[in-house]
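User: Please take a close look at one part of this model, the antiparallel sheet. Follow its strands into the pocket lining, then set the other sheet against them.

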Amino acid sequence: MNESILNGLLNLFTVFASIVKINSEQAYKAVYSYLSSHFGVRDHKEHIELYTALRDMYDDSVIPVDKEMIIRNVCAQMQVKLTQEEQLLMLIRFIEFAYSNSQQFKEHILLFRLVAGLFNISDEEFKEALVFITGGDYPSILTIDSNPEESDNHIYSEGLEGYIRVLYLDRFEKMIFTYYGSGMVLLNDNPVTPDMFYSWQHSSVIKSPLFQPIYYSDLLAVFNHLENKEWVYLSGRDINFTFPNSRNGIHNFSFDLCSG
């Protein structure tokens with residue numbers, strides 16, 4: 001992610017934090033976590049200093065700032081730099097940030113609807129994003145948990161502490177998920193931070209010592225069943241191959257492929 005996009009995102013995070021009145025220390029920790037986990041930033045000092053300076057400016061009651069105009073200007077600048085998929089994911093990230101850290105989120109729904117409009121995100125996609133973050137049922141959302149009771153939009157996973165919510169973004173044929181709980185959950189081999197959404201790639205697997213692996217194809221089968229779609233799947237598990245007289249080759253390789 002280039003510097004201009006990152007600075008624009010920090011600007012928007014700061015505006016939202018100021019408008020919905022997220023505690024400064026709480027917002028600081030959330031932004032720091034986003035920088036590390038999702039934006040690939042290793043050296044936080046410069047970006048955190050920018051966030052702090054912007055927050056002080058936006059919270060200054062002596063010199064009023066037109067925050068809505070700032071949102072409009074920054075979104076207009078970022079629209080030409082981000083793909084439509086990235087714009088939707090950014091909106092969901094902003095909703096997550098505000099909802100998870102402020103009790104005043106509901107009072108500012110129109111603010112996020114404004115961003116959706118600036119990014120040309122449909123009302124349906126906005127509603128999906130809102131329900132995904134705030135809770136509730138929706139055809140494009142499924143739940144993974146240890147409840148053995150069968151139901152639509154549900155995957156049973158014995159041993160999973162807490163639950164996982166998954167949103168299928170139909171326009172981009174993409175899935176994102178959020179884990180809610182305190183157990184050990186890994187995306188491939190990387191620890192998952194609770195209450196923060198991640199992209200679920202075709203080749204990714206959710207796993208833990210406490211429950212059986214959950215593959216992308218497991219989720220796709222549920223969504224396709226609900227939509228009565230017919231798909232062709234190719235899956236491989238724990239494939240190993242070595243060249244003669246060598247240890248080079250493929251080790252413990254798993255994959256999921258599907259038509260469409």
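Analyst: Two strands pair if DSSP finds at least two bridges between them. Helices (H or I, at least four residues) and strands (E, at least two) are DSSP runs, numbered from the N terminus. This is a predicted model, where local features need pLDDT of at least 70, side-chain atom pairs count only at pLDDT 80 or more, and totals for chains, interfaces and linings use all residues. Residues are numbered from 1 along each chain as its sequence is written, and side-chain values use heavy atoms, without hydrogens or water.

Four strands form an open sheet in the order 6-5-8-9, with antiparallel pairing. Strand 6 (190-191) and strand 9 (211-215) are its edges, each pairing on one side only. Strands of a sheet pair through backbone hydrogen bonds, either parallel or antiparallel. Here strand 5 (residues 186-187) is joined to strand 8 by two bridges. Leucine 186 has lysine 207, in strand 8, as its bridge partner.

Lys207 also leads to the second largest pocket, whose lining it joins. A pocket is an open set of points on a 1 Å grid over the protein atoms alone, where a 1.4 Å probe fits, with protein on both sides within 12 Å along at least five of seven lines; lining residues have an atom within 4 Å of a point. The volume is about 230 Å³, counted as the space filled by probe spheres set on the points, which are joined across faces, edges and corners. Strand 8 (205-208) and strand 11 (249-258) are the elements that give two or more residues to this lining. Strand 11 has the largest share, four residues. Other lining residues include Asn188, Asp189, Tyr215 and Asp238. By class, three lining residues are nonpolar, five polar and four charged. Val and Tyr count as nonpolar, Asp and Lys as charged, and Asn and Ser as polar.

Now the other sheet. It is open and has five strands in the order 2-1-3-4-7, with mixed pairing. Strand 2 (154-156) and strand 7 (198-200) each have a single partner strand, so one side of each lacks a neighbour in the sheet. The twist averages 25 degrees from one strand to the next. Strand 3 (residues 163-169) and strand 4 (residues 174-180) run antiparallel, joined by seven bridges. Valine 166 has phenylalanine 177, in strand 4, as its bridge partner. Helix 5 (residues 84-101) packs on this sheet, touching strand 3 and strand 4, where contact means heavy atoms within 4.5 Å. Its direction makes about 15 degrees with that of strand 4. Axes are lines fitted to C-alpha atoms, for helices over the stretch in contact, and angles run from 0 to 180 degrees between N-to-C directions.
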